[in-house]
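Reader: I should like to learn how features of a structural model are read, beginning with charged side chains. Please give the general idea and then the case at hand.

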Amino acid sequence: MNASPATIDALAARGTLLEEARRLRDAGHGAIVSYSRKVFIPLTRLCRDVCSYCTFAQAPRAGGRNYLGSDEVLAIARAGAAAGCHEALFTLGDKPELRYRVAREELERLGHPTTLSYLAQMCRLVFEQTGLFPHVNAGTMSAAEIGQLREVSISQGLMLESASDRLCQRGGPHFGSLDKAPSVRLETIRLAGEMRVPFTSGILIGIGETWAERIEALVALRDLHARYGHLQEIIIQNFRAKTGTRMEGCSEPDLADLQRTIAAARVLFGPAMNIQAPPNLSFDEYGALLEAGINDWGGVSPVTPDHVNPEAPWPELDRLAQVTAAGGKTLVERLAIYPEYALDASTWVSAPLKTALLHATDASGYPRMDPWHPGSASIAPKIHSRPALARPIEPAIARAIAQAVRGERLDAAQIKALFGARGADVDTVCEAADRLRRQTVGDTVSYVVNRNINYTNVCFHKCGFCAFSKAGTSASSRGRPYDLVLEEVIRRAQEAWQRGATEVCMQGGIHPDYTGQTYLELCRAVKQAIPSMHVHAFSPLEVRHGAATLNLEIPEFLAQLKQAGLGTLPGTAAEILDDAVRKQICPGKLTTHEWLETMAASHRTGFRTTSTIMFGHVETVESWAAHLLHVRDLQQATGGFTEFVPLPFVHTEAPMYRRGLARRGPTFREVVLMHAIARLVLHPLIPNIQTSWVKLGRDGARKCLQAGANDLGGTLMNESISRAAGAAHGQELPPAEMERLIRSLGRTPRQRTTLYADAPAERIAAAGNAAPLSAPIQSPLRPRRKIASAAGSIAE
């Protein structure tokens, strides 16, 4: 944001202004050009101003109503919601009650002292009744008025139009319009910055201003943004002469003039700013606006006309996508609030709107485009398809893929670029990951016959994402607290062996009475009962808890677990390896360093472990990138990870979701990309990428197997954790169904062991002839005493 007007002039003189604008736009926004699907609600067309070019403002209707009633407002909003809109754009004249007695009288009948008071009520009504996010263009305002509207709107806007006082003089387009004084408008924009309101502004070109005055206006806006950071977009709007106005005979800016002004705005504001130009005001030439450096088309309505420019209809969305693709970009829908502001909602959004915004967005701040969520029984949606008019792959994505395929470490910015893939770039990332999967591990898809044994759901941690754990002894909607007796653990393990299992996976809550001796006894009990059963158990959290309760160093306790028969460890409790996120979702739990330290110690002790990520709640793509790099770097150092397992957050019963503090899990696009990007980022160090049928269902898992995954995980037999969170995909996926799913893709199934060897023939035969499971017994809580000695045993 340091370019000067002289820089603009120099670039224009060299003929490189548009080229520089495109370069800056591409550096800041890549292949994405956004728009907002909106419905236009003209609350009132009364206005105290008399701008020479405006047909929106109208004189009072004799004997008629001049404000839309609440039923009319809701009817428009509901039509928009039914058409898939996310934004309710409220447009109105400026303070008509200060000019018109009929406005004051009508407002009094509506129970409001001012137009803005009525606007606030209608915003609240639309949001509460339809879920649309209001954006308000309410004219010049005081701090109190801005604050009142901030409580009920997601964003606000006021075009500066011009910084020239000359245009307000007699004969100018703003003569007689008190609210068009540049100082008054700039003060409103400044106050919006103080109030932390995501704000839209811009300039109107071709109304008599000089080039220098245009630049002056843009610089004034840039100065305010540098101070407050609140301008989420700058609009360059071209004047269109309208019949019946005093300026109907005036000449309009041509396309070259509009392009030059857009490019100047881009250079002045830099790569990060969102620069917008309305497509409907350029008619069939709007594709050329991309050449000038815009990255946003503004609001486009499939329902209502542009009431400010009724002579200029919105382009059809399919046509807009085609024009955008022809310009080498991908059209992406956004909300009225731009992604960067949505991701910082604690700063920019009022409390009444935060939860709805969080539920409506993905990890990048863009809107969720379908109702699917992890754990849902609905069919996974289609997330990408190559358009008839394909564009070249985004260069940053192409470079990252090429580097990953060579086995080189990507940096966080490159990983973020991969997660930013939209449209055809999603195909490109997934296809590259699947080719790499084929080259690395072939067309075999593996799975393991195992049984989950969650030995207790009592836990003294209060992780916001966990619907499984119980803090005390009372029952809840998710069931009663339990603590399995050893006999039931052994019975389940024996039954699993009879049904062909090669592994039991044992994990549970951190019971306050459990010690390291508890975990040792669990291992010994299973190994003594079934010596050939592989014990895969205990997250880094349980390992640290066990070591601490026995006053042992972690390597010492790991050695005792190994001697007791532990075979491998699950890499759960990783969640997101970003301590800022961990403080939100699992405060008091182990830190990123502690998780990595425990995994490294396990590997040095001779254990192999899995690695996981639990994603789709409050974190961002930056957190995903950091997590993947932590896993890769540790694998580079130790080589101890057998696989990487993306675990989508199941939100339905999760406490933090029910308190309005989390998203609805990742979108399906994010799920598929996580598997694909994990394949790329972790290559060649971790060859196995597993997908979770428990969280994604058969259809979701199938699609991830086409995007770089090569393993379906375990048959499970019992599954408690995802089910408690609201997942609807059952507790067991038997070998026959696993293999049917795999063969439907033309791939070869392989039953494996925990360490990815082929399962023994007799285990395969047993799994193929498994008897139905008997009902598990959830042992109720009973008194326990803590074990002080490592040589003791569980006392019951």
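Author: A salt bridge is a side-chain nitrogen of Lys or Arg within 4 Å of a carboxyl oxygen of Asp or Glu. The model here is predicted, so local features need pLDDT of at least 70, side-chain atom pairs count only at pLDDT 80 or more, and totals for chains, interfaces and linings use all residues. Residues are numbered from 1 along each chain as its sequence is written, and side-chain values use heavy atoms, with hydrogens and water left out. One case is D443 with R438, where the closest N and O atoms are 3.5 Å apart.

Reader: Are D443 and R438 buried or exposed?

Author: Buried means under 20% relative accessible area, exposed over 50%, and partly exposed in between (1.4 Å probe, protein chains only). D443 counts as partly exposed because its relative accessibility is 34%. R438, at 41%, is also partly exposed.

Reader: How many salt bridges does a search of the whole structure find?

Author: The search finds 44. Among them, R334 and D296 meet at 2.7 Å, N to O. This pair links distant parts of the chain, with R334 in strand 9 (residues 330–334) and D296 in strand 8 (residues 296–300), 38 residues apart. Helices (H or I, at least four residues) and strands (E, at least two) are DSSP runs, numbered from the N terminus. Both R334 and D296 are buried. Elsewhere, R451, E488, R491, R492 and E495 are linked in a network of salt bridges.

Reader: Which backbone features deserve inspection in such a model?

Author: Most residues other than glycine have a negative phi, and most peptide bonds are trans. E161, which is not a glycine, has a positive phi of about 70°. The residue lies in the loop between strand 4 (155–157) and helix 7 (182–194), and its relative accessible area of 12% makes it buried. Its side chain meets that of K180 in a salt bridge of 3.2 Å, N to O. Because K180 and E161 both lie in the loop between strand 4 and helix 7, the pair ties together parts that are 19 residues apart in sequence. K180 is buried, as is E161.

Reader: Where does K95 lie, and what is its phi?

Author: K95 is found in the loop between strand 2 (87–92) and helix 4 (101–110). Its phi is near 45°, a positive value in a residue other than glycine. K95 counts as buried, at 16% relative accessibility. As for peptide bonds, a cis bond joins H683 and P684, with omega about -5°. P684 belongs to the loop between helix 25 (668–681) and helix 26 (693–705).

Reader: How should the nonpolar interior be read?

Author: In soluble globular proteins, nonpolar side chains tend to be buried together. A nonpolar core is a set of buried Ala, Val, Leu, Ile, Met, Phe, Trp, Tyr and Cys residues joined through side-chain atoms within 4.5 Å. The largest core has 123 residues, of which V429, M506, F538 and L561 touch the most other members. Helix 25 supplies the largest share of this core, 10 residues. A second, separate core of 79 residues includes L17, L158, L160 and I189.

Reader: How is a sheet described?

Author: Strands of a sheet pair through backbone hydrogen bonds, either parallel or antiparallel. Two strands count as paired if DSSP finds at least two bridges between them. Here six strands form an open sheet in the order 11-12-13-14-15-16, with parallel pairing. Strand 11 (450–454) and strand 16 (641–648) are the edge strands, each pairing on one side only. Seven bridges join strand 15 to strand 16; F644 in strand 16 is the bridge partner of S611.

Reader: Which residues does M614 touch, leaving out those up to four places away in sequence?

Author: Contact means heavy atoms within 4.5 Å. M614, in strand 15 (residues 608–615), touches F465, E575, I576, I585, L647 and F649, with residues up to four places away in sequence not counted. The C-alpha atoms of M614 and E575 are separated by 4.5 Å, although the two residues are 39 residues apart along the chain. M614 is buried, with a relative accessible area of 9%.
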